[in-house]
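Got your viewer open? Load the model below and keep the selection panel handy.

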Amino acid sequence: MGDPEWDAELEGRLLPDWQQALELVERAHACLPDGIWVGWDVALSARGPLLLEGNTGPGIALHQLSDGVPIGQSEIGSAVQATLDHLEAQQLQ
């Protein structure tokens, strides 16, 4: 599936500094212990990954539209449920 504006194929491409971008987001997320759901915007630049912002209310409609599966029945829904279960277990301790 290509981008409608540039008609660029993304499948099979490697993003530069992907591991460093993941580590950057993990460090940022550790600063928000109550952040269950944060959409991190990261720019992959010539200087390496740059954290632009974190959105605590990221939109989910696009995820649902992309594969036609309701968010609660997707891997994202499972991840959110696992996080909520973990937090509930912590509160019971």
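Here is a short tour, stop by stop.

**Before you click.** This is a predicted model, so local features need pLDDT of at least 70 and side-chain atom pairs count only at pLDDT 80 or more, while totals for chains, interfaces and linings use all residues. Residues are numbered from 1 along each chain as its sequence is written, and side-chain values use heavy atoms, with hydrogens and water left out.

**Whole chain, colored by confidence.** pLDDT is the predictor's confidence in each residue, from 0 to 100. The chain has a mean pLDDT of 82, and 84% of its residues reach 70 or more. Confidence is highest in H1, at 95, and lowest in helix H2 (residues 61–67), at a mean of 70. Where pLDDT is low, the predicted coordinates should not be read in detail.

**Switch to cartoon.** You'll find three helices and two strands, in the order α-β-β-α-α from the N terminus. These are DSSP runs numbered from the N terminus: helices are H or I with at least four residues, strands are E with at least two. Turn on the surface and you get about 7,700 Å² of accessible area, 56% of it from carbon and sulfur atoms (Shrake-Rupley method, 1.4 Å probe; for residues, only the protein chains shown count as cover). Of the 93 residues, 13% are buried; buried means under 20% relative accessible area, exposed over 50%, partly exposed in between, with a 1.4 Å probe and protein chains only.

**Select 18–30.** This is helix H1, with 13 residues; at 1.5 Å a residue it should span 18 Å, and its end C-alpha atoms are indeed 18 Å apart. The expected span is 1.5 Å times one less than the number of residues. Which residues of H1 are buried? Show Ala21, Leu24, Val25 and Ala28 as sticks: those are the ones. Look down the axis of H1 and they fall within an arc of 95°, so they line one face of the helix (the arc uses directions from the helix axis to the C-beta atoms). On the other side, Glu26, Arg27 and Ala30 are exposed.

**Add 39–45 and 48–55.** These are strands E1 and E2, and the buried residues of H1 pack against them. E1 and E2 pair in the antiparallel sense over seven bridges; strands pair if DSSP finds at least two bridges between them. They form a hairpin with two residues between them. Pick Leu44 and you'll see it opposite Pro49 in E2.

**Step back to Asp17.** It sits in the segment before H1. Check its backbone: phi is positive, about 60°, although Asp17 is not a glycine. Most residues other than glycine have a negative phi. With a relative accessible area of 31%, Asp17 is partly exposed.

**Last stop, Asp34.** Look in the loop between H1 and E1. Buried or exposed? At 72% relative accessibility, Asp34 counts as exposed. Now run a distance from its C-alpha to that of Leu87: the two are 53 residues apart along the chain, yet separated by 9.2 Å.

Definitions and conventions. Contact means heavy atoms within 4.5 Å.
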